[in-house]
2 protein chains.
Amino acid sequence: MSAPPVSALRNLACARCSREEDADRLQTLCPCGGTYLARYDLETARRTLHRTSLAEREPGVWRWAEILPVREASRRRGLGEGGTPLLRGEGLGRRLGLSRLWLKDEGRNPGGSFKAQGMAVALARNVELGASRFALPSAGNAGGAASAYGAYWGVDVHVSLPRATPDAFRREVAAHNARGYDVDGDIATAGAWLAARPEAHNWFFLSTLKEPYRAEGKKTMGLELVEQLGWRWPSVIVYPTGGGTGIVGMVKADAELRELGLLEGPPPRFVVVQAEGCAPLVKAFEEGAVRASPWPDPQTEANGLRVPGSVADDLILDALRRTGGTAVRVSDSDMDDARGWAARDEGIYLAPEAAATVAAAERLKRDGWLHAEDEVVLFLTGNGFKYPMKERRR
Amino acid sequence: MSAPPVSALRNLACARCSREEDADRLQTLCPCGGTYLARYDLETARRTLHRTSLAEREPGVWRWAEILPVREASRRRGLGEGGTPLLRGEGLGRRLGLSRLWLKDEGRNPGGSFKAQGMAVALARNVELGASRFALPSAGNAGGAASAYGAYWGVDVHVSLPRATPDAFRREVAAHNARGYDVDGDIATAGAWLAARPEAHNWFFLSTLKEPYRAEGKKTMGLELVEQLGWRWPSVIVYPTGGGTGIVGMVKADAELRELGLLEGPPPRFVVVQAEGCAPLVKAFEEGAVRASPWPDPQTEANGLRVPGSVADDLILDALRRTGGTAVRVSDSDMDDARGWAARDEGIYLAPEAAATVAAAERLKRDGWLHAEDEVVLFLTGNGFKYPMKERRR
């Protein structure tokens, strides 16, 4: 038995202006509007975080304790988040003409989506720092996850949901005893509405990339993928992108794993997938812009992609360009088709956002951007059980 | 690297009359009406199946290859079934007054329920033996799982569902390109209807305990629990029981792990949980009967418990009595309350069948059958996303 691991968290640094801040107090956005990211003393971390110690640890988010922000060991717990399987996608690979396709099945998390890892870490850490009343606008899964971890830690959670959100999400929030608010408009409107509530000054906001720690939880998706592939990245990662914490987290995973001596080879080419009716990052990427403009009237049935803008647009666009990646838009009808392929060819029941990665891979293969022998990982960010699927009869 | 493991499957033996059969041909029920169970050469298995070899294997069902029936290594795969977390139930433990409560979260399987493990093994093995057209009646989750693995293996699946089954299950079956049939009545009626179809002679039936291999998949729930607890059982296992494959599987896990030298200490006391409106095993247990009579008019909103009879009633009743266990009935309204407790006290969103174990533990604690310091594992057999939960507003 080794000594219990210790978090090597050092401080926070703004991703835009590099301003440093104390990580042991509750922090939100940098005054410049940039996102604070957690920085670790990786020289210390690598003394106890290595292949040998990892082999003895449980699967899931908390095995990365040294490079997670939670200080007290007794608070590194939750609902068994992370540790999701990396599946060989042979059935879908045959359909798409990709012989080395992998599926990272994030729908196997608590609550059925990849929002679990980020919320598990954000709640554990911000509760550790003294917060007890949380709020966020959500397209659905983030609100469900925040509500579940709020129940787990016994703290208050307030979630504003665009009125178009399917009822399953609203029921999930209510079941966990969180307070849900239906708001006309999109997630940006719902966020503004929540921030304007008179009680809002009592709430700690968990909105995407407006506090430092959801990204730390998301980062573990990258750490886990690299470990599952034998300490290397695949050639390409296809990722459905709303707020974009996942890409920010994976870029961070890349940098930290290299400094820890746990990663060799090039980074993956990142592919951002958005919906035709809401594609601010795709538009900015195509136009060669450094920042993305908010999408005026976001329209898609994939709630998680109905996000008009990202706080980390610059970080994401930079990651696409540095890695030789790209950005793709797919239609709702493409997502529907792709849900069908996944269910019939592979036996996996996907949420529309997750299916968007399948549709994007099909498009990129057809256009020649992907080659048959490229090693491709699709991030299947959520299972489909909260989204009614159009019934088809055989 | 060790050599790839080999299945030590020897033959099949009827659990009722001990008749032996060839395991390398498709088999259904014994002529006596009993269930065939797989037998292994455990002396051979223990040479390669031990703590050291297990430490190097991936989590999930297939790590137990030597004591699974699938012979070809290339067929030991699926959707990442099993390997579900064993959670400390501190929140629910406080509510129930149980200081050593564990939650085995089987809702984290592919498709969101514990039906995955059984169907993964049954499909892999029966396809290996040449079957290509499958059929079963289902209360919902088993049909969904059979359909998903049917899609995975590219074989036909026919599922009859009682008309009262929630739509989410019907959509799941259709999405996986299986053929669903709505039948008036309960799961027994649905089974009889399916067996009477003219095409039925072409179908291999996967009905609970009518073929040998679903129980082998279910068995891994027990193997996994024992491994997670450090090679011992808890004092008590609370299990929601429809057809009862799970208990049969866990009894088998107990016997095999002992012969493999992987288990010490007493077996757990098994607690069967059924619904007030459908409690054939509870009634038989209370009456001291060796067999259970079919429940005349099964009524409960927990589909998985709306099962009027079990093929393995004698095996289950015997397990309860030998281990000093018991059988409990809970009402639908108790299950609703327990879903609320799990969602609010623990952050877990449960299916009614899973919540039935929480309600049963509450009852047994109140009645003095469970003591505060008993180590209790609740099998949370499915997540709640396919079952609309009554919305409550705070």
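Me: Before we discuss this predicted model, which residues count as nonpolar, which as charged and which as polar?

Reply: Ala, Val, Leu, Ile, Met, Phe, Trp, Tyr, Cys and Pro are taken as nonpolar, Asp, Glu, Lys and Arg as charged, and the others, Gly among them, as polar. By class, 19 nonpolar, 18 polar and 7 charged residues form the lining of the largest cavity.

Me: What makes a space in this model a cavity?

Reply: A 1.4 Å probe must fit there but be unable to get out. By this rule there are 4 cavities of 30 Å³ or more, and the volume of the largest cavity is about 420 Å³. Its lining comprises 44 residues, and those closest to the centre are A:Gly107, A:Asn383, B:Gly107, B:Gly112 and B:Asn383.

Me: Which elements give two or more residues to the lining of the largest cavity?

Reply: They are helix H5 (141–153) of chain A and helix H5 (141–153) of chain B. The largest share of this lining, 5 residues, is that of H5(B).

Me: Why are H5(B) and H6(B) called roughly parallel to each other?

Reply: H5(B) packs against helix H6 (residues 167–175) of chain B at an angle of about 15°, and their axes lie 8 Å apart. Angles under 35 degrees count as roughly parallel; H5(B) and H6(B) are therefore described in that way. Their crossing is left-handed.

Me: Which residues make the contact of H5(B) with H6(B)?

Reply: H5(B) contributes B:Asn141, B:Gly143, B:Gly144 and B:Ser147, while H6(B) contributes B:Phe169, B:Glu172 and B:Val173. By class, this contact has 2 nonpolar, 4 polar and 1 charged residues.

Terms used: Residues numbered from 1 in each chain as written. Chains lettered and ligands numbered in written order. Predicted model: local features only at pLDDT ≥ 70, side-chain atom pairs only at ≥ 80, totals over all residues. Heavy atoms only, no water. 1 Å grid on protein atoms, 1.4 Å probe; cavity = no way out; pocket = protein on both sides within 12 Å on 5 of 7 lines; lining within 4 Å. Points joined across faces, edges and corners; volume = space filled by probe spheres on them. Helix = DSSP H or I, 4+ residues; strand = E, 2+ residues; numbered from the N terminus. Axes fitted to C-alpha atoms, helices over the stretch in contact; angles between N-to-C directions. Parallel < 35°, antiparallel > 145°, perpendicular 65-115°, else oblique. Left-handed = near helix turned anticlockwise from the far one by under 90°. Contact = heavy atoms within 4.5 Å.
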